Amino acid sequence: MPKRIIAGFAGALFILVFSVACGFLGDRNGSLPEASDSARETQANMRKTIFYFVNEQNLLVPVTKDIPWVEGIGRAALENLVYTPEKGKELEARGLKPPLPAGTRVLGMTIRDGLAKVDFSREFLNLNDRSQEENAVKAVVYTLTEFPTVQRVHLMVEGKPLKKCPNGTVLEDELKREMINLEDKKTGSNKVPVTLYFRATSSDGAFAYYVPVTRMVEKSDDLMKVALEELIKGPKEGMGLSSVIPADTKVLNVSQNGNEVIANFSREIEGYGGGVEIEQALVNTIVLTLSEFPGVEKVTLQVEGESGVLPEGTMLDVPILKPAYINPANI
């Protein structure tokens with residue numbers, strides 16, 4: 001029986017992810033659970049928390065795992081980003097690795113008025129190049145800002161503000177979520193960033209997951225449509241990512257009604273080649289990309305203006321809720 005990505009499917013998957021304590025990144029389909037206020041809290045005082053690890057192409061990847069509810073959970077979250085032989089081995093099998101150097105310790109951390117101040121030990125600076133430095137900094141910022149009490153991050157090392165890393169990475173006093181996995185660092189006055197979600201797999205093909213990529217595009221009054229058109233174009237060559245949407249697909253129109261976005265595509269979107277896994281990935285990358293826009297809580301997909309059924313059974317007559325988390329893992 002074909003799997004169907006509808007609100008009911010999302011809810012069923014949500015229960016499945018919580019019930020089955022095995023596997024990494026859910027299954028190879030990478031299906032998305034629906035958002036809910038309790039989505040981040042699990043049984044036995046565990047919290048679903050999104051961490052940012054590094055993949056084989058040196059890209060940051062959000063991964064959701066359960067960690068115990070403890071006092072100072074933000075500090076505990078950061079400790080999960082530090083390389084240890086155990087973490088390295090477990091992640092290596094999936095084509096990922098921790099972004100912070102071995103031996104890094106969190107010496108202190110405070111959160112006040114949305115600003116998290118984090119003091120790391122000097123081992124935090126033991127990174128080989130600027131790319132690793134940038135990934136380490138962004139992994140800290142993105143992981144901490146997954147918590148609703150944190151909007152900005154100030155980094156210190158051994159009690160002193162970190163202004164510049166040894167390999168040249170310059171830091172602002174207050175860091176925010178921006179430009180994750182930036183494709184091209186050349187920006188212009190007429191360019192604005194959009195976040196696109198592409199599909200990736202581990203080198204052995206055993207695990208599939210979604211990766212956010214920042215692309216600079218021309219300013220537009222219809223930026224959601226532009227983002228979907230860029231998603232269809234696919235990722236930059238050499239990033240180890242793929243787009244599952246047929247290249248000849250047209251975005252006919254995109255409209256927003258309150259917190260719902262309706263995206264209407266040409267019939268060519270159905271020519272992805274078949275298969276439940278690919279169809280789910282197609283839908284997921286669209287929903288994740290649109291969910292990056294402020295105020296978007298659910299997405300309705302249409303084909304030639306109609307809410308029908310995709311070839312493998314994905315029903316389009318019910319909005320798909322914004323995911324509470326992606327790439328679920330039980331590590």
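Which residue in S10 is the bridge partner of proline 193? It's methionine 216, and that pairing sits in a predicted model. Here's a quick walk through two open sheets of four strands, one ordered S5-S6-S7-S8 and one ordered S11-S12-S13-S14, with the S9 and S10 hairpin and some positive phi values along the way.

**The S5 to S8 sheet**

- This open sheet has four strands in the order S5-S6-S7-S8, and the pairing is mixed.
- At the edges you'll find strand S5 (106-112) and strand S8 (160-161), each pairing on one side only.
- Helix H4, covering residues 130-144, packs on this sheet and touches S5, S6 and S7. The direction of H4 makes about 135° with that of S7.
- Strand S6 (residues 115-120) runs parallel to strand S7 (residues 152-157), with six bridges in the pairing.
- To find your way around that pair, look for leucine 115, which stands opposite arginine 152 in S7.

**Positive phi in the loops around S8**

- Glutamate 158 isn't a glycine, yet its phi is positive, at about 55°. You'll find glutamate 158 in the loop between S7 and S8.
- Is glutamate 158 buried or exposed? Neither quite fits: its relative accessible area is 34%, so it counts as partly exposed.
- Methionine 179 is another non-glycine with a positive phi, this time about 60°. Its place is in the loop between S8 and strand S9 (191-201).
- Methionine 179 has 28% relative accessibility, so it is partly exposed too. The cut-off for buried is under 20%, which is why 28% doesn't qualify.

**The S9 and S10 hairpin**

- S9 is mostly covered, with eight of its eleven residues buried.
- S9 and strand S10 (residues 208-218) run antiparallel and are joined by eleven bridges. One of the pairings to look at is proline 193 with methionine 216.
- Six residues lie between the two strands of this hairpin, and glycine 205 takes a positive phi near 75° there.

**Helix H5 and its neighbours**

- Which residues of helix H5 (residues 223-233) are buried? They are Met224, Val226, Ala227, Leu228, Glu230, Leu231 and Ile232, so a glutamate is on the list as well.
- Those buried residues of H5 pack against S9, S10, strand S11 (251-257), strand S12 (260-265) and helix H6 (276-291).
- Just after H5 comes glycine 234, with a positive phi of about 95°.

**The S11 to S14 sheet**

- Here the order is S11-S12-S13-S14: an open sheet of four strands with mixed pairing.
- The edge strands are S11 and strand S14 (320-321), and each of them pairs on one side only.
- H5 packs on this sheet, touching S11 and S12, and its direction makes about 140° with that of S11.
- S11 and S12 run antiparallel, joined by six bridges. Within that pair, serine 255 stands opposite isoleucine 262 in S12.
- H6 lies across S12, strand S13 (298-303) and S14, and runs at about 130° to S13.

How values were computed. Residues are numbered from 1 along each chain as its sequence is written. This is a predicted model: local features need pLDDT of at least 70, side-chain atom pairs count only at pLDDT 80 or more; totals for chains, interfaces and linings use all residues. Side-chain values use heavy atoms; hydrogens and water are left out. Two strands pair if DSSP finds at least two bridges between them. Contact means heavy atoms within 4.5 Å. Axes are lines fitted to C-alpha atoms, for helices over the stretch in contact, and angles run from 0 to 180 degrees between N-to-C directions. Buried means under 20% relative accessible area, exposed over 50%, partly exposed in between (1.4 Å probe, protein chains only).
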